Amino acid sequence: MSGDIEARKREHIDTVLGADVSAKGVSTGFERFFFEHAALPELDLDAVDLSTRLFGRALKAPLLISSMTGGTPRARDINRNLAAAAQSLGIAMGVGSQRAMIEQPALGETYRVRDVAPDILLFANFGAVQLNYGYGVDEARRAVDDIGADALFLHFNPLQEAVQPGGDRNWAGLYRKVERLASALGVPVVGKEVGNGISGEVARRLVECGLAGVDVSGAGGTSWSEVEAHRQPDPEVRAVAHVFAGWGIPTASALADTVRAIPGRPVFASGGIRDGVDAAKAIRLGAALAGTAAPMLEHGADAADAAARRMARMLEELRIAAFCAGAGDIAALRRAVLRRKADWQPVPAIADARPDTVSVPRRALRR
């Protein structure tokens with residue numbers, strides 16, 4: 001079993017780097033919006049302040065290197081390169097699913113990055129469906145403690161599991177188990193999809209279970225059904241996986257819906273965010289963090305300085321977007337004029353969620 005997981009992690013890296021696994025027939029939706037350009041911004045570009053705070057950590061910008069990998073020797077260097085880049089830029093990072101290290105503790109070193117990134121906001125990663133397969137609070141706590149994480153991504157990937165060879169198919173009865181985990185873990189738990197989106201209704205129910213926030217991880221970027229299709233030797237099963245290349249809620253739509261559904265809670269936007277302009281739009285639409293994954297994988301596989309240069313470019317694009325929208329800081333960017341291309345009407349501003357002050361409910365479990 002453990003060897004199978006390690007091989008799968010290695011194949012995932014090779015597939016994302018070497019094949020076209022982008023979503024087909026669906027976009028993120030961010031192209032439907034544009035900022036009203038400030039021809040005279042009355043700002044010093046170099047003084048634009050992108051800093052924010054989340055879960056007790058100071059960030060130089062609300063950017064996240066999203067969860068990607070771990071569990072295979074090649075992933076060790078990738079995670080460490082990405083973490084070193086996050087440390088140098090003062091941004092957040094998540095590691096990939098840690099099931100591999102739970103089943104094979106020697107693989108823990110492929111996730112450990114604190115020695116190169118002592119100050120970053122770091123997210124551990126645990127699959128929600130594993131709560132139906134013998135895992136629980138102890139395993140989730142190991143995932144957090146082993147890498148010194150500040151918080152946990154509890155990821156939801158039903159489509160990927162449905163088309164993955166040997167995938168976990170029993171997703172029944174998970175809300176109560178999620179509630180039990182969130183109430184007992186002791187660190188913030190953030191629900192996260194992997195590229196097909198979280199609806200406002202699901203986000204609301206997850207927050208009621210005690211989750212601190214949600215990463216919508218919508219459609220329009222990497223499609224994990226496409227990843228699994230490329231790994232699938234059976235042509236009939238491969239055809240089934242390809243059918244779902246356009247499945248999911250576009251990231252911008254999932255973000256807007258979720259921000260409305262869980263006001264005051266931090267919502268992260270990932271899924272097809274490839275530049276700082278999209279990140280700026282996501283923040284304006286209510287995102288506490290804007291995350292990117294696949295665009296960083298190739299650079300993380302190269303070297304820490306390559307990863308840092310790629311992420312620094314995104315940060316500079318975000319800074320220029322804020323500047324040209326007339327926003328001198330993140331609070332002002334959340335109030336900048338953003339219009340829909342369909343009717344040119346401005347999008348209502350979202351109240352600042354002040355995510356660093358959000359308290360995580362610790363309610364008694366419903367009987």
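How many salt bridges does this predicted model contain? The count comes to 22 salt bridges. The model is a prediction, and its protein chain averages a pLDDT of 94, with 95% of the residues scoring at least 70.

**Salt bridges**

Side chains of opposite charge can pair when their charged atoms come close. Three pairs are set out below with the distance between their closest N and O atoms.

| Pair | N to O distance | Citation |
|---|---|---|
| D138 and R141 | 3.9 Å | salt bridge |
| D215 and K192 | 3.3 Å | salt bridge |
| E228 and R231 | 2.5 Å | salt bridge |

The pair D138 and R141 belongs to helix α4 (residues 137–147); because the two residues are 3 apart in that helix, about one helical turn separates them. D138 is exposed, at a relative accessible area of 54%, whereas R141 is partly exposed, at 30%.

D215 and K192 are joined by a salt bridge of 3.3 Å, N to O. This pair links distant parts of the chain, since D215 lies in strand β9 (residues 213–215) and K192 in strand β8 (residues 189–193), 23 residues apart. Are these two side chains buried or exposed? D215 is buried, with 0% relative accessibility, and K192 is buried as well, with a relative accessible area of 5%; both values fall under the 20% limit for burial.

E228 and R231 both belong to helix α8 (residues 224–231), where they stand 3 residues apart, about one turn of the helix. Both E228 and R231 are buried. Through salt bridges that share partners, E11, E228 and R231 form one network.

**Nonpolar cores**

The largest nonpolar core comprises 97 residues, and those with the most contacts inside it are L63, I91, L152, L255 and L333. Helix α13 (residues 304–324) gives the most to this core, contributing 9 residues. Apart from its neighbours within four places in sequence, L333 is in contact with F35, A280, I283, R284, L318, A322 and A327. A second core, separate from the largest one, has 14 residues, among them F123, F153, V190 and F268.

**Confidence**

Where does pLDDT stay under 50? It does so over residues 357–367, for which the model has 28 contacts beyond four places in sequence. Where pLDDT is low, the predicted coordinates should not be read in detail.

Definitions and conventions: Residues numbered from 1 in each chain as written. Predicted model: local features only at pLDDT ≥ 70, side-chain atom pairs only at ≥ 80, totals over all residues. Heavy atoms only, no water. Salt bridge = Lys/Arg side-chain N within 4 Å of Asp/Glu carboxyl O. Helix = DSSP H or I, 4+ residues; strand = E, 2+ residues; numbered from the N terminus. Buried < 20%, exposed > 50% of the residue type's maximum accessible area, 1.4 Å probe, protein only. pLDDT = per-residue confidence, 0-100. Contact = heavy atoms within 4.5 Å. Core = buried A, V, L, I, M, F, W, Y, C linked by side-chain atoms within 4.5 Å.
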